[in-house]
Amino acid sequence: MSTTPSGMSRDLVVFVIGEREFAVDNHAVCGIRDWAPAMPLPHMPRHIQSVIPVDGAYVPLIDLSQQLGLGRADPVKCHAAILVRSGSGLSALLVDEVSGVIGVEAARIQPVAGLAPEQCLISGVVTLDDRMICFVELNALSGNVESEAA
């Protein structure tokens, strides 16, 4: 998770997988697309659903539900793909739905105790009223993609 001086606001793109809410930093988001069927490729890590065309290139469509240990997604028309840029380049995250963008003070994103961000896909938690939103660490995600592809 990038560091921001306390008191500063961060914009987070919030999305839903199952009944849980997650978020990524808005600065890493390059776009949001409706999910469309795509052809899976052989010999891909199990959390990669397929590849999708983006501006003349093909990027991996990551089944974030599978990657987070919540079970494999069965995509339908209501799913979305969030295009994100991380240390390993451009990829797309398959999510159930995108809720919107929220602004939170950086100090409200509480780290997960006892785990370094590179050890866990969830590097922090934001609580808003009765909502608990888990912050997804994109650099940890890209590290897991590279290690499973090797």
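Author: Two strands count as paired if DSSP finds at least two bridges between them, and a strand is itself a DSSP run of E, at least two residues in length, with numbering from the N terminus. The model before you is predicted, so local features need pLDDT of at least 70 and side-chain atom pairs count only at pLDDT 80 or more, while totals for chains, interfaces and linings use all residues. Residues are numbered from 1 along each chain as its sequence is written, and side-chain values use heavy atoms, with hydrogens and water left out.

Reader: How many bridges join strand β10 to strand β11, and in which sense do the two run?

Author: Strands of a sheet pair through backbone hydrogen bonds, in a parallel or an antiparallel sense. Here β10 (residues 122-128) and β11 (residues 131-136) run antiparallel and are joined by 6 bridges, and one partnership to look for is that of Leu128 with Arg131 in β11.

Reader: In what order do the strands of the open sheet of 6 strands stand?

Author: Reading across that sheet, you meet β8-β1-β2-β11-β10-β9, with mixed pairing. The edges are β8 (97-105) and β9 (110-111), and because each has a single partner strand, one side of each is left without a neighbour in the sheet.

Reader: What is the order in the open sheet of 5 strands?

Author: That sheet runs β3-β6-β7-β5-β4, again an open one with mixed pairing. Its edge strands, β3 (29-34) and β4, each pair on one side only, and from one strand to the next the twist averages 30 degrees (the angle between N-to-C directions of axes fitted to C-alpha atoms, on a scale from 0 to 180 degrees).

Reader: Is strand β6 largely enclosed by the rest of the structure or left open?

Author: Strand β6 (residues 80-86) is largely enclosed, because 6 of its 7 residues are buried, a word that stands for under 20% relative accessible area, with exposed meaning over 50% and partly exposed in between (1.4 Å probe, protein chains only). On one hand β6 is joined antiparallel to β3 by 5 bridges, with Arg33 partnered by Ala81 in β6. β6 also pairs antiparallel with β7 (residues 89-95) over 7 bridges, where Arg85 has Leu90 as its partner, and these two strands form a hairpin with 2 residues between them.

Reader: Which residues does Val54 touch, not counting those up to four places away in sequence?

Author: A contact requires heavy atoms within 4.5 Å, and by that rule Val54 touches Arg33, Val59, Leu83 and Leu90. Val54 belongs to strand β4 (residues 48-54), which pairs antiparallel with β5 (residues 57-63) over 6 bridges, and it counts as buried because its relative accessibility is 6%. Although Val54 and Leu90 are 36 residues apart along the chain, their C-alpha atoms are separated by 9.3 Å.

Reader: How many salt bridges does a search of the whole structure find?

Author: A salt bridge needs a side-chain nitrogen of Lys or Arg within 4 Å of a carboxyl oxygen of Asp or Glu, and the search finds 2. One joins Arg10 and Asp25 at 2.6 Å, N to O, linking strand β1 (residues 9-17) with strand β2 (residues 20-25) across 15 residues of sequence; Arg10 and Asp25 are both buried. Another joins Glu21 and Arg131 at 2.8 Å, N to O, and since Glu21 lies in β2 and Arg131 in β11, this pair ties together parts that are 110 residues apart in sequence. Glu21 is buried, with a relative accessible area of 17%, whereas Arg131, at 31%, is partly exposed.

Definitions and conventions. Helix = DSSP H or I, 4+ residues; strand = E, 2+ residues; numbered from the N terminus.
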